[in-house]
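Here's a quick walk through one protein chain, written for someone who'd rather be at the bench. Have a look at the sequence and the fold, then read on.

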Amino acid sequence: MPKHPQSIGAPPPVFVRLQQGATLTDERSFTHSFTIGRAPDCDVVITDSAVSRRHAEIRWKDGWWQLLDAGSRNGTYLDGARIHEARLPASCRVTLGQDHALLQITVGRSPEVLQEGSDRTAVSQERESVTRLVERLEQQGEIADAGPQTKRYREAVARIARRRSVRHYLTVGIVGTLLIAVAGLALYQSQKIDVQDQKIETLRKTAEDIFYAMKRVELQVAQLEEIVAQHAQAKELQDILAKQQEIKTLQSKYDRFVKELGLYANMSERDRAVFRVARLFGECEATMPKDFLAEVHQYIQKWKSTDRLSNSMRRALSAGYTGTISNAMFTNSLPPHFFYVALKESGFDDKAVGPKTRLGYAKGLWQFVSETAKEFGLKPGPLQHEPRFDPEDDRFNAKLATEAAAKYIKRIYLTDAQASGLLVIASYNWGEGNVLKMIRQLPKNPQERNFWQLLKKFRIPQETYDYVFYIIAAAVIGENPQLFGFNFPAPFPNANTL
């Protein structure tokens, strides 16, 4: 690995360029220590989500430039090797998070200066090749004497050399001028695109930060409400009111950033419904994965291929379950759209009995097994070990079971799911299995423990994947059933405020 020379006096400059795909940003130079990260106050700001807010630092230390990882989440790599602290060589590639943001770094001399030196070397080599040609001809005896013929030969060779040199400079000049013109135009266009892209990415990251700050406050409010419900303390009531005002402020800021991003501009009403539902379930639509939208539409088509959704919704509406469920969710400060969990669990059949599991039979509207039912105040009946309806089993009482389900969902919402409604749904499907273990491996904060991160970092079981997407798709259809070709009324016509 080439080393840069140790300096006794002032440190040699460090030249930094960020590579974004095939594009390199303008070169920046530093003669003092500098920081790299996603935070706006870093010296080199990179908006890639894999980059930590304070990711790395380049520091002048003991007469050498040193690269230090600042405790980043995804690591710092010097020429492909992960490091905690290392000397910078004369030229290197620094990657922030494997296969993510790439920096090209040189020490002491700018890459442009090195390139100019290479060009001058090429011209010198051209001249030297002509000189070597003459010398070789002399050594071979083809121009051994110094008579008129030899002089003419030498003059001819010299003219050739001069013409080649002139042609070289003319060619280099013309091609260079054209390249400068083309490169200037391309640079102008790419800079316009890069500046716009960087602006959009900055807005997107800011929107994400505001959204998850809002989710953290919502989480705090929900936790305070739990304390108040148990102890009714005035201080906690005041804290709740203050934090609710903070949520409104953050909500307003987030809406402004979403508007500036143009997230909903030129979007079909069907796509808007997907974005609205993601947000209702507590996910940031500004950072929605690109393939999420198409995937939800695929599951909408699956619902359209069967009568189950229409039949289930008619059953729920005739039995008044929309009111029962939305009231229970509202009491627990949850969105009413968890209504669709019961749709997937039982099709709103309050006498439903599921297949036998290692924990026994799941029963009722919310398909509780007896162990979970007892934990949330439901009394299993004498037929709990048999696959049939039991009027003495509280799980078959729609009102009691719904109140228990709301409490169960809220517990997941406040702890493992970290205010992510879609993680709640994934946990509800297989909370005792691998999904909950995966979720608990994510950092314990809403920004890094959400459904987008779960999909990014883990391959969840297909059963759970289908379960979540069927519920999202049903909720999207429920926003405007007629828009998607269904003829039942929207269960929550006033919930669509986004």
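Let's start with the cysteines. If a disulfide is a pair of cysteine sulfur atoms within 2.5 Å, the count comes to 0. Two cysteines worth finding are C92, buried at 5% relative accessibility, and C284, buried at 0%. "Buried" here means under 20% relative accessible area, with exposed being over 50% and partly exposed in between (1.4 Å probe, protein chains only).

A word on where this comes from: it's a predicted model, where local features need pLDDT of at least 70 and side-chain atom pairs count only at pLDDT 80 or more, while totals for chains, interfaces and linings use all residues. Residues are numbered from 1 along each chain as its sequence is written, and side-chain values use heavy atoms, with hydrogens and water left out.

**The whole chain**

The protein chain has 14 helices and 14 strands; these are DSSP runs numbered from the N terminus, helices being H or I with at least four residues and strands E with at least two. Of its 498 residues, 45% count as buried. Its accessible surface is about 26100 Å², and carbon and sulfur atoms own 52% of that (Shrake-Rupley method, 1.4 Å probe; for residues, only the protein chains shown count as cover). Taking contacts in the chain with a separation of 6 or more, 54% link residues 24 or more positions apart, a contact being heavy atoms within 4.5 Å.

**A five-stranded sheet**

One open sheet has 5 strands in the order 5-4-6-7-10, with mixed pairing. Strand 5 (44-45) and strand 10 (85-87) sit at the edges with a single partner strand each, so one side of each has no neighbour in the sheet. Strands pair if DSSP finds at least two bridges between them.

What about strand 7, enclosed or open? 6 of its 6 residues are buried, so strand 7 is largely enclosed by the rest of the structure. W64, Q66 and L68 point one way from the strand, and W65, L67 and D69 point the other way. Strand 6 and strand 7 make a hairpin with 2 residues between them, and D62 in the turn has a positive phi of about 55°.

Here's how strand 7 meets the strands beside it:

| Pair | Sense | Bridges | One residue pairing |
|---|---|---|---|
| Strand 6 (residues 56-61) and strand 7 (residues 64-69) | antiparallel | 6 bridges | E57 with L68 |
| Strand 7 and strand 10 | antiparallel | 3 bridges | L68 with E85 |

Also in strand 7, L67 stands opposite I58.

**Two helices and a loop**

Helix 11 (residues 421-430) packs on helix 12 (residues 434-441) at an angle of about 145°, their axes 8 Å apart. Those axes are lines fitted to C-alpha atoms, for helices over the stretch in contact, and angles run from 0 to 180 degrees between N-to-C directions. L423, A426, S427 and W430 of helix 11 make the contact with N434, V435, L436 and I439 of helix 12.

Where does Q447 sit? Its place is the loop between helix 12 and helix 13 (451-457). Q447 is buried, with a relative accessible area of 13%. Beyond its neighbours within four places in sequence, Q447 is in contact with E208, D209, Y212, R216 and Q453.
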